[in-house]
Every structure is written in structure tokens, then in C-alpha cells.
Number of protein chains: 2
Amino acid sequence: MSAKKIPYKMYLSEEEMPKTWLNLKAFMPDQHDPFLNPATGKPCTAEELEAVFCTECVEQELNSTDREIEIPADIRNFYKTFRPSPLVRAYFLEEMLKTPAQIYYKFEGNNTSGSHKLNSAAAQAYYAKKQGLTSVTTETGAGQWGTALAMACAFYGLDLKVFMVKTSYEQKPYRKEVMKTYGADVVASPSDTTEAGRKILSEFPGTGGSLGCAIAEAVETAVKTQNCRYVLGSVLDHVLLHQTVIGQESKIALDKYGVQPDVVIGCAGGGSNFGGLIAPFMAEKLQGKNNIDFIGVEPASCPSMSRGKYAYDFCDSAKITPLAKMYTLGCGFMPSPDHAGGLRYHGMSPVVSKLYHDGYMRVRAVKQTEVFAAAEKFARCEGILPAPESSHAIKVAMDEAIKCRETGEKKVILFGLTGTGYFDLAAYKSFNEGTMKDYIPTEEDLARGFASLPRL
Amino acid sequence: MSAKKIPYKMYLSEEEMPKTWLNLKAFMPDQHDPFLNPATGKPCTAEELEAVFCTECVEQELNSTDREIEIPADIRNFYKTFRPSPLVRAYFLEEMLKTPAQIYYKFEGNNTSGSHKLNSAAAQAYYAKKQGLTSVTTETGAGQWGTALAMACAFYGLDLKVFMVKTSYEQKPYRKEVMKTYGADVVASPSDTTEAGRKILSEFPGTGGSLGCAIAEAVETAVKTQNCRYVLGSVLDHVLLHQTVIGQESKIALDKYGVQPDVVIGCAGGGSNFGGLIAPFMAEKLQGKNNIDFIGVEPASCPSMSRGKYAYDFCDSAKITPLAKMYTLGCGFMPSPDHAGGLRYHGMSPVVSKLYHDGYMRVRAVKQTEVFAAAEKFARCEGILPAPESSHAIKVAMDEAIKCRETGEKKVILFGLTGTGYFDLAAYKSFNEGTMKDYIPTEEDLARGFASLPRL
């Protein structure tokens with residue numbers, strides 16, 4: 001290891017920033033099973049996917065051979081408004097924990113969307129524009145993904161219609177104002193602008209909506225509108241591909257200082273951030289060049305990998321998407337109320353699922369009260385107020401560092417800090433007031449979720 | 001000028017970061033008049049000030065001879081959690097404005113307090129700890145300063161009591177949760193914990209409080225508590241001193257690329273951020289080394305410099321502080337409702353006031369609807385959602401760049417982007433909905449304010 005002094009924050013220069021995304025699939029000995037058309041039970045064709053998604057994204061989705069895929073110069077330029085993100089040596093956290101371990105984190109929260117989501121929003125908006133589309137649609141729950149896409153669409157001059165789950169639309173009025181400031185048209189879902197929305201409204205007039213319904217409305221609108229496509233913020237392979245800038249920047253910075261991680265930790269909701277963080281390190285592991293301990297962290301309330309099944313399932317609860325082979329709790333699984341909204345997803349990226357299934361990584365499920373306790377400690381010594389999602393990784397990184405204190409091991413720990421918690425203060429409030437609860441699904445809860453799995 | 005390609009973002013390395021603050025007063029041919037004790041009409045002694053403020057801060061307050069004051073290593077270490085801040089070349093804004101001007105901005109918003117306030121909070125908390133104090137007190141309105149100080153006190157292990165104006169306490173419950181997460185004790189002001197608070201509560205039982213009352217409560221608590229002092233976030237000379245890291249980092253980065261600004265623009269509320277931004281450039285101007293056009297921007301609703309008087313006045317509306325010689329609208333001036341809370345202050349830093357009075361800078365007052373229109377344009381092309389306060393500088397920087405488009409001049413424009421607008425979305429909402437109004441005080445409003453000036 002180099003004796004070069006490691007600074008608190010490492011920023012790459014523009015020249016050092018990655019010019020290609022890393023296609024992790026091209027390094028995997030086995031590919032995940034293909035998406036299936038639920039109507040025919042046969043693999044989805046590119047044509048079928050292109051009716052919904054941008055052509056270039058579909059190409060990337062199906063590409064499992066090219067190890068590197070060029071990042072167009074226009075996207076790299078947009079990246080320069082919020083990248084490089086800092087790789088931080090957590091000296092103060094190490095000191096607080098009295099650990100011999102070295103802790104690093106890649107911080108993706110220093111942009112107005114507040115998270116890593118902008119990495120893929122930038123790419124997908126660019127491809128939509130390049131294809132000659134005039135608008136795109138999407139859904140958003142808590143609003144981070146909608147904000148990221150609104151920023152990207154403003155930058156490239158695309159119209160955007162966001163279907164926002166009605167409860168969030170009403171409870172988080174300010175999130176919507178951010179999107180509107182960037183020019184997005186934000187609609188509470190269910191709305192009367194789509195057949196799917198009208199159907200739900202007539203059946204359940206007072207409903208607060210759901211992500212499944214918002215997806216259905218966004219897809220329907222995209223398919224029925226001229227020069228329009230639908231854009232998704234996680235789970236799919238091309239989204240994971242765009243997120244590999246996270247891992248690549250981390251690796252380039254660490255390599256400059258001769259540092260090799262022993263453990264790489266990330267929170268895993270849909271899996272795109274986790275997949276993007278581990279990509280370059282996992283690519284080396286798949287080539288036998290390292291033996292890094294990869295840990296995906298999920299909430300105990302929604303344990304897709306640790307307690308889910310590896311099976312074909314719908315990506316959404318409305319059962320309108322293609323079927324993906326993944327770890328899932330069943331698209332009908334109802335996650336109990338948990339503040340880490342971005343991790344409340346029944347499934348997991350097919351790429352990450354396959355890596356887990358084949359034994360290249362492990363998983364930990366953690367309870368939210370212990371996650372917030374870790375978040376608070378982190379905030380007080382490292383300054384940043386972390387997002388609840390990101391704090392899942394903080395909790396496990398701290399556990400690993402504490403183990404090192406006990407064993408004396410000088411492990412190098414890298415974790416992903418995906419975002420800030422500025423819009424999650426209701427959750428911090430319940431933690432500060434001691435009213436936060438932990439939820440762990442019972443075997444019966446899981447059985448009900450598994451019963452919703454499609455029969456093939 | 002160098003032909004070196006200028007990147008989108010310039011980050012200094014740790015070695016390049018300033019090791020001293022710049023004491024602008026030591027470069028000024030004339031000093032501002034001293035603070036006066038309102039009871040005696042005589043200049044405040046160090047002893048009088050030390051009963052309220054930390055000893056080292058009082059020394060800095062009264063130091064007008066040392067050009068540089070060392071930043072202790074402990075503070076420089078804390079700075080590394082959120083500094084260096086990026087100096088950004090606004091290529092996308094230039095392109096949008098089709099201007100031949102070069103536009104740069106120094107962005108101070110990438111920390112959890114959301115603004116530059118942390119630069120002085122870090123220093124003041126450190127000095128309090130070093131002096132052996134166990135706690136400090138302060139007041140906060142919108143909450144940015146309180147958050148910054150809470151972060152600094154958490155870092156150094158100091159107790160903090162924040163008196164938060166009751167209307168903000170109730171209307172912005174989440175701001176308070178950030179401070180609590182960092183361990184601060186946040187009290188709605190007026191409170192029943194002080195004589196000042198109890199007096200107001202008995203006279204006006206339903207009052208929503210005021211900054212003046214919160215200051216009175218914080219000072220009273222500091223003076224009556226053992227090992228405790230009061231901490232202020234703007235206006236005073238030592239606060240401006242701490243903020244000079246902004247200007248120094250900017251100048252070091254520009255110098256590396258051989259770039260010399262022609263115009264330097266900042267918003268001015270209490271004046272510490274503006275003074276800190278211009279400090280190293282102004283020091284050179286005072287030595288005859290440049291002829292930079294310095295522009296302080298204030299809201300038309302609270303035009304302390306452009307329409308105020310240069311006179312002795314209280315720093316607070318409760319008339320408990322020393323008297324400062326400054327531009328002021330009168331401590332009894334009631335700023336009309338304006339969303340840029342941080343700029344709603346009746347007075348102006350004595351250092352900035354003196355520079356303005358002596359003709360070294362100019363001032364522009366702008367209306368908030370034009371400020372938000374500029375903010376929206378900026379957000380859409382540069383990505384960052386700016387704070388309303390900072391957007392005052394954006395508006396004037398854009399005006400200057402548009403003038404260059406008309407004249408063909410290739411001016412170099414530098415402005416300060418002090419913070420993010422994530423907690424100002426009610427203001428963006430009223431702008432988005434077209435209900436935002438402009439307020440300009442009438443001559444009668446001003447006369448009422450001037451009538452509150454103390455008679456000496």
C-alpha cells in the first residue's frame with residue numbers, strides 16, 4: 001500500500017472521470033434469465049420493449065457482451081454539473097469508533113435531486129432527446145426519482161409528465177414544487193387522465209394511490225402519446241449500467257492512492273445503486289483478481305433477498321410489466337410502513353439477484369431503529385445528514401468497523417452514501433421522539449406475498 | 001490570461017486550502033467607528049464584550065492591524081468535512097444567456113446547513129470549547145444559522161440552546177428536527193425560561209415571537225449560565241473574518257487559471273458572506289492593484305444600503321446590543337414579508353457599510369419576483385436549486401452578463417452562491433403559482449424606521 005497521505009475528500013479531475021459505463025453482465029459467467037412477456041410466456045423482443053422504452057436503453061438492456069459502453073459527450077457534460085462526487089475518507093467516523101479499519105464512502109447526495117438517481121435520469125433523458133422524442137413519462141413515490149428526471153428533462157429540453165402517488169403528492173407538497181420549478185407536469189395518481197387511473201378511481205374513489213397504479217398510468221400515457229416513452233429509475237439492467245459511474249469513480253480514486261477495499265457495502269432497494277457501486281470491483285472478482293466481501297443491505301421490513309424467493313415475477317404490483325427473474329417477496333407483498341421509502345420494493349435487480357444467487361455477495365437485513373441510531377452518530381461526526389436508505393449501508397459499515405476494533409484487523413471498508421435526508425425529516429422526528437417502530441414481516445406475511453407470484 | 005482549459009468545477013486540494021483568514025480591516029485606510037455601549041455612549045471595552053462573546057472572538061472583533069489571522073488546525077480539520085467548496089464555471093448559464101462574459105460562482109451550499117453559515121459556526125464553536133465553556137446559546141429565524149451551529153457544537157462536543165422564533169418553530173417543524181438530530185436543545189421563543197421571554201409573553205400572550213426577542217433570550221441565558229457565551233451568525237467583524245475562506249478559495253482557484261474577475265457580486269443581508277467573498281479582491285483594490293466592480297445585492301423590500309442612513313444603531317430590534325455605526329433602516333424598521341428571510345435585516349456589517357460609504361463598492365436592490373425568475377432559469381441549466389438569498393446575486397450576475405452580450409465585452413463575472421433552496425419551497429410554490437408579490441417600502445415606511453434610530 002502507498003504511503004501517500006490520503007485526503008479527507010478525493011475529487012477526480014475532469015480528465016480522470018470515466019468515459020464509459022461498465023457492463024457488469026459481460027463479466028458474469030452466467031446471465032440472468034431473460035425478461036418474459038407475461039401474455040405469451042416467451043422472452044420479450046427488442047420490439048416489444050421499444051414500444052415502451054427508448055431504443056438505445058433497450059439495446060443497453062439486452063447487451064451482455066460489450067464490457068464497456070461509451071458515455072456520450074453530451075451526457076458527460078451534464079454529469080459535470082454534479083459530478084465527480086467526492087470519495088470521502090471517514091477519518092472522524094474512524095476516530096469515533098476507535099477502529100483500526102479504514103472507512104471510505106462515496107457520497108452521491110450533493111445535487112438537487114439529493115441522490116444518485118440523476119446518473120440514470122441524465123442518460124435516459126439524453127437518449128430520449130436523441131431519438132427525437134418530445135416527452136417522457138414516469139412515476140414517483142417519495143419524489144427523488146421524479147426530481148432527478150425533472151432536472152434532466154429541463155437540461156435537455158424535454159417535456160415530462162410525472163405521476164406522483166397521491167398520498168405523497170398531498171403529504172409532500174414541496175417535493176412537487178421542486179419538480180415544477182424544473183418545468184415538470186406533476187399529476188396526482190390515480191388521475192382521470194388515463195384508463196388505468198379512471199378504473200381505480202371508480203373502484204376506490206378515496207384511494208391514496210400506489211406505485212403500481214402510478215406505473216400503470218405512466219406506461220399507458222407513454223404508449224398512447226406521440227413521440228413519448230416511459231422511463232424507469234431502478235431495477236432494469238440499463239439503469240444499473242448508468243449507475244456504474246459511482247463504482248468507477250470510487251475505484252479510480254482509490255487506485256490513485258494504492259488502496260484496495262476488503263469490504264464493499266451498499267443499500268439495495270431496486271439494486272441499481274448497489275450494482276453501480278460494486279460493478280468495477282465485482283468485475284475483477286469475477287475474473288479472480290480479488291476476493292472482496294460484497295454486502296447488500298436491505299431493510300428487515302422488506303427483505304427481498306434474505307427472505308425472498310428467486311423466481312419470475314412482475315416488476316410492479318399492477319402486473320403490467322414484463323416478468324423478471326429475481327429475488328422477490330411477490331409483487332403482492334405489502335411492505336409495512338418503513339421510512340426508507342426507496343428500499344420498500346418487493347423485488348431486486350436481476351443482475352444483483354443473479355450475483356447473490358451464484359454466491360458472489362452476501363446480504364444483511366437491518367432494523368430501522370438501529371439504522372437511524374447509526375445515521376445520527378454519522379451525522380454528528382461526519383457532518384452530512386444521510387438519507388434513511390443510505391443509512392442502511394452506514395449501519396453495516398459501522399458494524400464491520402467495530403468488528404475490526406475487536407479483532408484488530410485493519411480492513412479497508414468502502415460504502416455507498418447514496419443521498420441526503422433533507423426530505424426525510426418526518427422519519428428523523430419519530431426517531432428523535434422515540435416513537436419509531438421496527439417492522440418484521442411474519443411467515444404469514446411472506447406467504448401472502450409469495451401467493452401473488454405468477455404461475456408460469 | 002492563461003490558455004489552460006478551465007474545468008466546470010474547481011476544487012482546491014487540501015494543501016491549497018487557506019491556512020489563515022484575511023483581516024480586511026487591516027487593509028482599509030480608515031476604520032469604521034467603534035461599537036458603543038448604549039448605556040454610557042462610550043466605546044465598548046473588550047471586558048464588556050467578553051461577558052457576552054467568546055474571548056478569542058472579541059480579540060478578532062477588535063483586531064484591525066493583523067492582515068492575516070491563523071486558522072487553528074482543529075478548525076481546518078472540521079472545514080475538511082465540507083470544504084473546499086467548488087468554484088464553478090457556469091458554462092451552461094453562459095450558453096443559455098448567449099453572453100461573451102465568463103461567469104463563475106462559488107457554491108457554499110453543499111453541506112447539511114445548506115449555506116456558508118457553517119464557516120463561522122465552526123470557528124466560534126471551536127473557540128468556545130477551547131476557552132473551556134460547556135455551552136453556547138444563539139437565536140435562529142428560518143433555521144439555517146441554528147442548524148450550522150448545531151452541527152459545529154455536535155462536532156466539538158458543546159451543548160447548544162437555540163431560541164427559535166416561535167412562528168418558524170411551528171411553521172418549519174423539520175428544521176428543528178435537523179438541529180435536534182445534531183443534539184441541540186431548541187426552544188420556541190418567547191419562552192418562559194428567561195425574564196425577557198416571560199415579559200413578552202405576559203404583554204403579548206399570543207405572539208409568534210421575533211428575532212429581536214430571540215436574541216434577548218439567548219443573550220440573557222448566556223450571561224446567566226456558568227461557562228456559557230452567546231454566538232452570533234452575521235454582522236460582526238469576526239464573523240466576516242471567518243467567511244473570508246469563501247473569497248480566498250475563490251481567488252486561489254482563479255489565480256491557478258490566470259483569471260482575474262472584473263465584477264464580483266454577492267447578496268448582502270447582515271453582510272458577512274458578501275464581505276467574506278470580496279475580502280481578498282477588495283484587499284487588492286485597497287492597495288491599488290485592481291479596479292474590480294463590487295456589487296452588493298439587497299432586496300428592494302429591505303434596502304439597508306441603497307435607501308438607509310449611515311448612523312449608529314442597535315444591531316437588534318429589542319435594543320439590547322451595543323450600537324454599531326452602519327447603514328441601517330432603523331432597528332424599528334419592519335421588513336415587509338419577503339421570502340429571502342436571510343436578507344430581512346435592518347442593518348449591515350460595519351465593515352461593508354464603511355466600504356460602501358467610502359466608495360469602494362456599489363449596491364443594487366432587486367425585486368423578489370425577478371429574483372425567482374432568475375433562480376428558475378439558473379436551476380434549469382446549472383442544476384442547483386438556489387436559496388432565495390443567493391438568487392439575488394444570480395439575478396444581478398445575469399444582468400451583467402446580458403449587458404456584455406449587448407456591448408460585446410468579455411467581462412469575467414464572479415458571484416457567490418451562498419446556499420440551496422431546499423427549505424424555501426413555500427416561496428418557490430408562490431412563484432410557480434404566480435401569487436408572489438413584490439414589496440417596496442414607501443417613504444413613510446422608511447420614515448417610521450428612521451424614527452427608531454437612537455439619539456446620541
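**View 1. Pairing of strands E10 and E15 in chain B of the predicted model.** Strand E10 (residues 263-267) of chain B and strand E15 (residues 412-417) of chain B run parallel and are joined by three bridges. Within this pair, Ile265(B) stands opposite Phe415(B), a residue of E15(B). The structure shown here and in the views that follow is a predicted model.

**View 2. The open sheet of chain B and helix H15.** In chain B, seven strands with mixed pairing make up an open sheet, whose order is E1-E4-E5-E15-E10-E11-E14. At its edges are strand E1 (9-10) and strand E14 (362-366) of chain B, each of which pairs on one side only. Helix H15 (residues 368-382) of chain B packs on this sheet, where it touches strand E4 (87-89), strand E5 (102-107), E14 and E15 of chain B, and the direction of the helix makes about 95 degrees with that of E14(B).

**View 3. The open sheet of chain A and helix H12.** The sheet of chain A is likewise open and mixed in its pairing, with seven strands in the order E1-E4-E5-E15-E10-E11-E14. Strand E1 (9-10) and strand E14 (362-366) of chain A each have a single partner strand, so one side of each edge strand is left without a neighbour in the sheet. Strand E5 (residues 102-107) of chain A runs parallel to strand E15 (residues 412-417) of chain A, and six bridges join them; Ile103(A) has Ile413(A) of E15(A) as its bridge partner. Helix H12 (residues 244-256) of chain A packs on the sheet and touches E1, strand E4 (87-89), E5 and E15 of chain A, its direction making about 140 degrees with that of E5(A).

**View 4. The crossing of helices H12 and H13 in chain A.** The axes of H12(A) and helix H13 (residues 272-286) of chain A cross at roughly 50 degrees and come within 6 Å, which makes H12(A) oblique to H13(A). The crossing is right-handed. On the side of H12(A), the contact residues include Ile246(A), Lys251(A) and Leu254(A), while those of H13(A) include Leu277(A), Phe281(A) and Glu284(A). Six nonpolar, six polar and two charged residues make up this contact of H12(A) with H13(A).

**View 5. The rotation axis relating chains A and B.** A turn of 180 degrees, with a shift of 0.0 Å along the axis, lays chain A on chain B with an RMSD of 0.0 Å, and the two copies are thus related as by a two-fold rotation axis. Asn110(A) is the residue of chain A that comes closest to the rotation axis, its C-alpha lying at 3.0 Å. The same surface serves both copies, since 100% of the contact residues of chain A recur in chain B.

Note on methods. Residues are numbered from 1 along each chain as its sequence is written. Chains are lettered from A and ligands numbered from 1 in the order in which they are written. This is a predicted model: local features need pLDDT of at least 70, side-chain atom pairs count only at pLDDT 80 or more; totals for chains, interfaces and linings use all residues. Side-chain values use heavy atoms; hydrogens and water are left out. Two strands pair if DSSP finds at least two bridges between them. Helices (H or I, at least four residues) and strands (E, at least two) are DSSP runs, numbered from the N terminus. Contact means heavy atoms within 4.5 Å. Axes are lines fitted to C-alpha atoms, for helices over the stretch in contact, and angles run from 0 to 180 degrees between N-to-C directions. Angles under 35 degrees count as roughly parallel, over 145 as roughly antiparallel, 65 to 115 as roughly perpendicular and the rest as oblique. A crossing is left-handed if the near helix is turned anticlockwise from the far one by less than a right angle, and right-handed if clockwise. Ala, Val, Leu, Ile, Met, Phe, Trp, Tyr, Cys and Pro count as nonpolar, Asp, Glu, Lys and Arg as charged, and the others, Gly among them, as polar. Copies are superposed by least squares on the C-alpha atoms of residues with pLDDT of at least 70 in both.
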